[in-house]
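Subject: Structure handover and what turned up

Hi,

Here is the structure you asked for. Please open it alongside this note; the findings follow below.

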Amino acid sequence: MERAGLFAVLLLVESLHYVFARLLLPYISPLASTLYVLGVATLQVGLFAAVRGKLDWRPALRHGWFFAAIGFLIATSTLLNYMAVLYIDVGTASMLGKTGVIISLLLSVFWLHERLTRVQGIGAALAVAGAVIISLHPGDITQFGSLLVLTSTFFYALHTALVKRFGQKMDFTEFFFHRLLFTTGFLFVFAALGRELVWPDAQTWPLLLLAGTVDVVVSRSLYYATLRLFSMSVHTIILTLSPVVAILVSLLLFHTFPGAQELLGGAFVLAGVAVVTRGR
């Protein structure tokens, strides 16, 4: 029951990533909102690390190139996601985001030289077909929004591959803090270059604080906690339910629902992810 409860909470918070992006749109630009959301999370994790006596700056010096690389990738990925909800609905974005499993699989094949089984190949083909179905809106803004999500997903999957290869042995608290710190640093640069360094008003701050706490700190902590309780395959399969929750929350808050084409493509994506994960 305890495991089921943890996963139920994880499914909810995991599904809220694009929901928070959409909630913040009327109040603040994506460039500024991503900066403050990650900034809030960085301060919270930094305070936690300080209390535990793990606020150490030496990892940033020893592994500066590594944190700079993943910080840039995560910052770009988050910004693209927050921009994508300008063009597509939350449910569609959430379904497309699950192609990250397929992109990670392909990276492991071509970069880490792992072998691709026949079942994994079938699952990857299903997911790619689903992404094509969703994105096939020639000349429509939906196509642009889909491309933003797919590009974001590629950057996040690349960051995951880098972490798997070079960051596995780091202390988690130290790793997580510097990951957030470098990400916030790049978002600050992006906002400065885009002339979006604006101070949020009193109405926007509660949303930013909630998004930083729930969508970054709580979500990622639960993600890693449940990953220790379940195999990676089972973990990934269960998380394919998060787009379903995202669609229901989006319907409740924004009264939006994916169209027939998006639902068909999303079904292919989620089926492909399930097949690939079981094939592991």
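Valine 37 touches Leu24, Tyr82, Leu208, Ala211, Gly212 and Val216, not counting its neighbours within four places in sequence. Contact here means heavy atoms within 4.5 Å.

Before you go further: this is a predicted model, in which local features need pLDDT of at least 70, side-chain atom pairs count only at pLDDT 80 or more, and totals for chains, interfaces and linings use all residues. Residues are numbered from 1 along each chain as its sequence is written, and side-chain values use heavy atoms, with hydrogens and water left out.

**The partners of valine 37**

Take glycine 212 next. It sits in helix α11, residues 205-229. Helices are DSSP runs of H or I with at least four residues, strands are runs of E with at least two, and both are numbered from the N terminus. The C-alpha atoms of glycine 212 and valine 37 are 4.4 Å apart, although 175 residues separate the two along the chain. Glycine 212 is buried, at 0% relative accessible area. Buried means under 20%, exposed means over 50%, and partly exposed is in between (1.4 Å probe, protein chains only). Beyond four places in sequence, glycine 212 contacts Val37, Val40, Ala41, Gln44 and Val217.

Valine 40 belongs to helix α3, residues 30-51. Valine 40 is buried too, with a relative accessible area of 9%. Its contacts, sequence neighbours within four places aside, are Trp205, Leu208, Leu209 and Gly212. The C-alpha atoms of valine 40 and leucine 209 lie 6.3 Å apart, with their positions 169 residues apart along the chain.

**The cores**

Which residues touch the most other members of the largest nonpolar core? They are Leu24, Val37, Phe66, Ile70, Val149 and Leu180, out of 55 residues in that core. A nonpolar core is a set of buried Ala, Val, Leu, Ile, Met, Phe, Trp, Tyr and Cys residues joined through side-chain atoms within 4.5 Å. Helix α5, residues 64-84, gives this core its largest share, 9 residues. Another core of 7 residues lies apart from it, including Ile102, Ala124, Val269 and Val276.

**Helix packing**

Two packed helices are described by the angle between their axes and the distance between the axes. Axes are lines fitted to C-alpha atoms, for helices over the stretch in contact, and angles run from 0 to 180 degrees between N-to-C directions.

α5 and helix α10 (residues 172-193) pack at about 60°, with axes 7 Å apart. The two are therefore oblique to each other. Angles under 35 degrees count as roughly parallel, over 145 as roughly antiparallel, 65 to 115 as roughly perpendicular, and the rest as oblique. The crossing of α5 and α10 is right-handed. A crossing is right-handed if the near helix is turned clockwise from the far one by less than a right angle, and left-handed if anticlockwise. On the α5 side, the residues that meet α10 include Phe66, Phe67, Ile70 and Leu79. On the α10 side, they include Phe175, His178, Phe182 and Phe190.

Helix α6 (residues 90-97) packs on helix α13 (residues 242-254) at about 165°, with axes 8 Å apart. That makes α6 roughly antiparallel to α13. This crossing is right-handed. Val90, Gly91, Ser94 and Met95 make the contact from α6. From α13, the residues include Pro243, Ile247 and Phe254.

**Loops and the last helix**

Where is arginine 195? It is in the loop between α10 and α11. Its phi is near 55°, a positive value in a residue other than glycine. Arginine 195 is exposed, at 78% relative accessible area.

Histidine 255 is not a glycine but has a positive phi of about 60°. It lies in the loop between α13 and α14 (260-278). Histidine 255 is exposed, at 65%.

Leucine 264 is in helix α14. It is partly exposed, with a relative accessible area of 45%. Its C-alpha atom is 7.5 Å from that of isoleucine 133, 131 residues away along the chain.

**The whole chain**

The protein chain has 14 helices and 0 strands. Of its 280 residues, 50% count as buried. Among contacts with a separation of 6 or more, 90% join residues 24 or more positions apart.

Best wishes
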